[in-house]
Structures are given as structure tokens and as C-alpha cells.
Amino acid sequence: MAAVEACTSFFLLNQEALLMAFNQDEAYTLLHTHFQDRVRRNEPLAKYSPLGIGGPVDLWVSLESMQELVQLVNTCAEEHYPLLIIGNGSNVLFADAGVRGIVARVATHSYTVENLGNGRGLLIADAGISWPHLAYELADQGWGGLEFGADIPGTLGGGIVSNAGAHNEDVGQRLQWLEVLDARGANLDGEDTIAYPMVRRYEHSELDLSNRHSRFRVQRCASFDKDEHLEPSVRTMIEPGEIILRLALTLYRDDPQHLHQRLKQFKAIHGQQRQRHAGPLFKNPFGQDASHLIERAGMRGRMLGNVQVSSADANYLINLGGAHAADVIGLLTLMHEQVLEQLHIDLAVDLELQGEWEESGGREQPVGSAEQA
Ligand SMILES: Cc1cc2nc3c(=O)[nH]c(=O)nc-3n(C[C@H](O)[C@H](O)[C@H](O)COP(=O)(O)OP(=O)(O)OC[C@H]3O[C@@H](n4cnc5c(N)ncnc54)[C@H](O)[C@@H]3O)c2cc1C
């Protein structure tokens, strides 16, 4: 236990020192030689967040291939630059004060399907591929298996991290194996040494996949402390330490028309425009539905600032326009408090907080100012 605590405080000190030492100009010059105008300074993260919230990041990098991702991670390990890798950002809340260091997003379209015979196929896809786009493309080709994600606005890699699912299916059920770039050594590294990341392969059984959980999600979600303050998880130099590069999923043969019907049906179930949403906010406690609990606590439709609890599904928030991360934190805190007080259930947060938060994790706005919609 003492060793874990010592290691955690080393991480914190190390991370703080690295953020302080990060030289934006020097890093920009170096990264610009590789990625040209896909590197941007002081880029507002709100532009890249489906919720439309987030202050500036020192350096933003758009990556177009997994090779570029490996190159960037290696450079950050060599230069001790703080790096955060995201997919589509649909499970992350960025702070109003933004994120220090580098945030990179990889958007790729590369995949193959191997026909295994007997109506089965093996999809091998880059982690940065958009899940809904891929599901539609596969349906055109008569391959099924990913339609349940028609309404999940993320990448396949981000989907594995939370073992994302809907309609009683989850992506882990289809996963065979995946490859990661293991940069955990770089996170333990001192200033004078370099630990180069290594590619590693994991089989399904090694991934600890369960309800909205995988080995990649341990301690990544925000959590409420005993004083009802929302705490972000500890940030490491290269975040996440294990970066998913490629994954293999099983598919089945089906009629394209039937697959498109399924996609339409799964899209129609939510039935509403899901722009500027965040969620699911809380995990379903065993045998219960977080949305129903939030509704029972009277929080459906409640507003704080320009953020509202969705009336269609109370486990989601909507940015009504110009909302701040502080409003989201305030409303999340109020939802958590109300469910705890009225129903005695301590809901676990299902979102990740990234960036520069005030010590209390936010709450600049008094939660008492929440209005009824
Ligand atoms: C409107 C809306 C509807 C949603 N519906 C559902 C739903 O029905 N079911 C459900 O389960 N979820 C749902 N979500 C949540 C979210 O879309 C999923 O968790 C999604 O899988 C996240 O993917 P992403 O690419 O956006 O990941 P991000 O939010 O970008 O990242 C999430 C985490 O994964 C990490 N990560 C991203 N890519 C990689 C990688 N290649 N390697 C390692 N780590 C990586 C990031 O660092 C971060 O820690 C919904 C969200 C919204 C906004």
C-alpha cells in the first residue's frame, strides 16, 4: 500500500513538473516538422468536443494514421512532453481553463474484413475509426455485428476503453484481440532516461471486459469524494499509458437491407437530435437504471446555467448553447447529491474529466441556483 501511495505521489510530482517544464514554442517547432498545419496552438477544445465545451489546449494535433500516432507517442516519450490521446471526445469533459500540454486525436478509416467462411468474418480495424461510420459501411458490404453502436458517437478504440454498448450488446462481446502501444514505462521515467513505448497484443480474456469497464478504464473516471466534490483522475505524462492501435472483432454475414433496417431502428430508439449531449453520466448500479433513479430524484429537465438534464434520458446532459464545464460539474454534483439523499444510492460517475480544474473539481456556480426547466 505504501509503495502504491509513493508511486502515486511520484506520478503527481512528476506530472506537475513536466507540465511546468513544457515549452509550447519548442514543442510546436518540433511537431510542426512532422505534422505541419495539423498542429495548432491554443486550440479551443470546445471545437472537438461533441458537448461543445472546453478551453484551449497548448497544442492540438490531428493525426491521420496509426503510424503517425506511434510517431507522436515516441516523440513525447523522448522529449518528456505531456500528451493526452482522445478518440471523438464523447466520454470526456474538458475544463473551461483548458488542458496543458498536447492533446491528439486520431481519425482514420483503415480496416479489412477477412472472410472466415460459414458466414463469419474477422474485422481488423484501426482504433481511431468512427464506429457509426464503420457500421454503415459494413452493412453496405453485408457484414453485421456493430449495428447496435449506430448511436454511439465515438471511435472503436474509445468504445473498447468503456466497453461501450447499447440494446443489450457491448463491443467486448465481439472483440477477439487488440494491439496497444504500451507507454507506461515512459510515465515512470526520470528526466534523464527514455523508455520507448512497445507494441503489445492482448487477447479477449486479458482485457477484464465487463459492464462499461475494461483494463483501460481503471481509475480514469471522475469520482465524488466524501465531501461531494467531483475529483478528476490522476493525469500521467502519456495518457492513457496503453494506447489501442488495432483491434479484431467478429462479424457475421447478413442481408445489407436487413442490416440497414437494424441501423435505422437503433438510431430511431433514441429518436432525438443528440448534438451537444454528454453521457451516460453515471453507471447503472447493479440491477438498476441510472436514468430512472435520476428521474425519481426529480432531476429530469433541471437546468444550471446553460446546461440541462435531458428530458428524453435523464442520464444525459444537453448544452443549450454557450454552456461551461463548471455548469456541468454543478449539475452533476446536484444530481449525485439528490439521488444519494433521496434514494440512498451512491451513483458512480461514467465520465472522464480532463484539464485544469479548480481544487474542488469545479463548482464555481452555487448549485442552489439550479432552475426547474
Ligand atoms: C450522445 C451520446 C450518446 C452516447 N451513447 C452511448 C451508448 O449508447 N452506450 C455507451 O456505452 N456509451 C455511449 N456514449 C458514451 C461514449 O460515446 C462512448 O463511451 C464512446 O465509446 C467513447 O468513444 P470516444 O472515441 O468518443 O472516446 P473519447 O471520449 O475520446 O475517450 C474516452 C477514453 O478513451 C481513451 N481513448 C480514446 N481512444 C483511445 C485509444 N485509441 N487507445 C486508448 N485509449 C483511448 C481516452 O483517452 C479517454 O480516456 C454516448 C455519448 C454521447 C455524447
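Me: How do you know whether helix H2 (residues 24-35) reaches as far as expected at 1.5 Å a residue?

Reply: H2 has 12 residues and extends 15 Å from its first C-alpha to its last, which is close to the expected 16 Å. The expected span is 1.5 Å times one less than the number of residues in the helix. Glutamine 36 follows H2 and has a positive phi, near 45 degrees. Residue numbers start from 1 along each chain as its sequence is written. The model is predicted, with local features requiring pLDDT of at least 70 and side-chain atom pairs counted only at pLDDT 80 or more, while totals for chains, interfaces and linings use all residues.

Me: What makes a run of residues count as a helix or a strand?

Reply: Both are DSSP runs, numbered from the N terminus: H or I over at least four residues for a helix, E over at least two for a strand. The protein has nine helices and 21 strands.

Me: Which residues of H3 are called buried?

Reply: They are Met66, Leu69, Leu72, Val73, Cys76 and Ala77. A residue is buried if 20 or more other C-beta atoms, placed from the backbone, lie within 10 Å of its own, exposed if 12 or fewer do, and partly exposed in between.

Me: Why are the buried residues of H3 said to line one face of the helix?

Reply: Viewed down the axis of H3, the buried residues fall within an arc of 135 degrees, so they line one face. The arc is that of the directions from the helix axis to the C-beta atoms. H3 itself (residues 66-79) has 14 residues and reaches 20 Å from first C-alpha to last, close to the 20 Å expected at 1.5 Å a residue.

Me: Why does histidine 80 count as buried or exposed?

Reply: Histidine 80 has 20 C-beta neighbours inside 10 Å, so it counts as buried. The residue is in the loop between H3 and E3. Its phi is positive, about 60 degrees, although it is not a glycine.

Me: What is the burial class of histidine 167, and how do you know?

Reply: Histidine 167 has 14 other C-beta atoms within 10 Å and is therefore partly exposed. It lies in the loop between E9 and strand E10 (169-170). Histidine 167 also has a positive phi, about 55 degrees, without being a glycine.

Me: Why is arginine 217 classed as it is, buried or exposed?

Reply: Its 21 C-beta neighbours inside 10 Å make arginine 217 buried. Arginine 217 sits in the loop between strand E12 (198-203) and strand E13 (223-224).

Me: Which residues does arginine 217 touch, leaving out those up to four places away in sequence?

Reply: Arginine 217 touches Val161 and Ser162; two residues are in contact if their C-beta atoms, placed from the backbone, lie within 7 Å. The C-alpha atoms of arginine 217 and valine 161 are 5.8 Å apart, with their positions 56 residues apart along the chain.

Me: Why does glycine 142 get its burial class?

Reply: With 17 C-beta neighbours inside 10 Å, glycine 142 is partly exposed. It is placed in the loop between helix H4 (131-140) and strand E8 (143-144). Beyond residues up to four places away in sequence, glycine 142 touches Arg253, Asp254, Asp255 and Pro256.

Me: What is the omega of the peptide bond from glutamate 239 to proline 240?

Reply: Omega is near 0 degrees, and the bond is cis. Proline 240 is in the loop between strand E15 (238-239) and E16. Another cis peptide bond joins glycine 279 and proline 280, with omega about -10 degrees. Proline 280 lies in the loop between E17 and helix H8 (290-296).

Me: Which residues around the ligand come nearest?

Reply: Of the 34 residues around the ligand, Gly87, Gly154, Gly157, Gly158 and Ala164 come nearest. A residue is near a molecule or strand if its C-beta atom, placed from the backbone, lies within 6 Å of it. H5 gives the largest share of this shell, four residues.

Me: How confident is the predictor, by average pLDDT, in the protein?

Reply: The average pLDDT is 89, and 88% of the residues score at least 70; pLDDT is the predictor's confidence in each residue, from 0 to 100. Over residues 1-13 the pLDDT is below 50, and this stretch has four contacts beyond near neighbours in sequence. Residues 360-373 also have a pLDDT below 50, with 38 such contacts in the model.
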